[in-house]
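Open the model in a viewer and keep the sequence panel beside it. The stops below say what to select and what is there.

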Amino acid sequence: MTASLDHRFTEFLLESQALKFGEFTLKSGRKSPYFINAGAFNDGRKIARLGAFYAEKIVEEIEAGNLPKDVDTVFGPAYKGISIAVSAAVALSKDGLNVPFFFNR
């Protein structure tokens, strides 16, 4: 039996040392017992795997009917989201979905 997408993604976050547990104050001022540091995706292999996870989730949601079949773009908010949007768009193209990306910077 293969592990679920959620399980594989969590393992990836831990392997990448992006997922941290402790006491964190978020930019909003809220407290959180965990934090995901997107700065940990700092090489080609990690960002490619991250994009592949996002693409897999997008395709899963399209197949489930939760996203339209004609997704027309991937948006990546500055700054960390830009590389995520690019890597997700690249991964989606490998799945046969040629989707443009854009960002706000």
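## First stop: S32

Select S32, a buried residue with a relative accessible area of 10%. The model is a predicted one. S32 sits in strand β2, which covers residues 31–36. Show its side chain: a polar atom there lies 2.7 Å from the backbone oxygen of Y34. Then display what surrounds S32. Not counting residues up to four places away in sequence, S32 touches G22, E23, F24 and L26.

## The whole chain

Zoom out to the cartoon. The protein has 3 helices and 4 strands, and from the N terminus on the order of elements is α-β-β-α-β-α-β. Switch to the C-alpha trace, which spans about 40 × 40 × 30 Å along its principal axes.

Of the 105 residues in the protein, 28% are buried. Turn on the surface: its accessible area is about 7,400 Å², and carbon and sulfur atoms account for 55% of that. For contacts between residues at least 6 apart in sequence, 53% join residues at least 24 apart.

## Helix α1 and its buried face

Select residues 5–15, which form helix α1. Which residues of α1 are buried? They are L5, F12 and L13. Look down the axis of α1: these buried residues fall within an arc of 100°, so they line one face of the helix. Now add the elements that cover them; these include β1, β2 and α2, the last being residues 44–63.

## The end of α1

Move to Q17, just after α1, where phi is positive at about 60°. Next select S16, in the loop between α1 and β1, the strand at 19–25. Is S16 buried or exposed? S16 counts as buried, because its relative accessibility is 8%, and the cut-off for buried is under 20%. Leaving aside neighbours within four places in sequence, S16 is in contact with A40, F41 and K46.

## A nonpolar patch

Select L14, F21, Y34 and I36 together and show their surface. These residues make a nonpolar surface patch of about 430 Å². L14 belongs to helix α1 and is partly exposed, at a relative accessible area of 44%. Y34 has already appeared on this tour, as the residue whose backbone oxygen lies 2.7 Å from a side-chain polar atom of S32.

## Salt bridges between α1 and α2

Side chains of opposite charge can pair when their charged atoms come close. How many salt bridges does a search of the whole structure find? The search finds 4.

Start with R8 and E56, which form a salt bridge with their closest N and O atoms 2.4 Å apart. R8 lies in helix α1 and E56 in helix α2, so the pair ties together parts that are 48 residues apart in sequence. R8 is partly exposed at 28% relative accessibility, and E56 is also partly exposed, with a relative accessible area of 30%.

Then select R49 and E15. This salt bridge has its closest N and O atoms 3.4 Å apart. R49 is in helix α2 and E15 in helix α1, so this pair ties together parts that are 34 residues apart in sequence. R49 counts as partly exposed at 36% relative accessibility, whereas E15 counts as exposed at 55%. The cut-off for exposed is over 50%.

## A network within α2

Finish on helix α2 with K57 and E60. They form a salt bridge, the closest N and O atoms being 3.1 Å apart. What separates K57 and E60 along the helix? Because they are 3 residues apart in helix α2, about one helical turn lies between them. K57 is partly exposed, with a relative accessible area of 33%, and E60 is partly exposed as well, at 34%.

Add E61 to the selection. K57, E60 and E61 are linked in a network of salt bridges.

Key: Residues are numbered from 1 along each chain as its sequence is written. This is a predicted model: local features need pLDDT of at least 70, side-chain atom pairs count only at pLDDT 80 or more; totals for chains, interfaces and linings use all residues. Side-chain values use heavy atoms; hydrogens and water are left out. Patches are made of residues with over 30% relative accessible area and no salt bridge: like charges are joined within 9 Å, nonpolar side chains (Val, Leu, Ile, Met, Phe, Trp, Tyr) within 5 Å. Accessible areas come from the Shrake-Rupley method with a 1.4 Å probe; for residues, only the protein chains shown count as cover. A salt bridge is a side-chain nitrogen of Lys or Arg within 4 Å of a carboxyl oxygen of Asp or Glu. Helices (H or I, at least four residues) and strands (E, at least two) are DSSP runs, numbered from the N terminus. Buried means under 20% relative accessible area, exposed over 50%, partly exposed in between (1.4 Å probe, protein chains only). Contact means heavy atoms within 4.5 Å. A polar contact is a pair of N or O atoms within 3.5 Å; within protein, one must be able to donate a hydrogen and the other to accept it, and residues adjacent in sequence count only if both atoms are side-chain atoms. The arc is that of the directions from the helix axis to the C-beta atoms.
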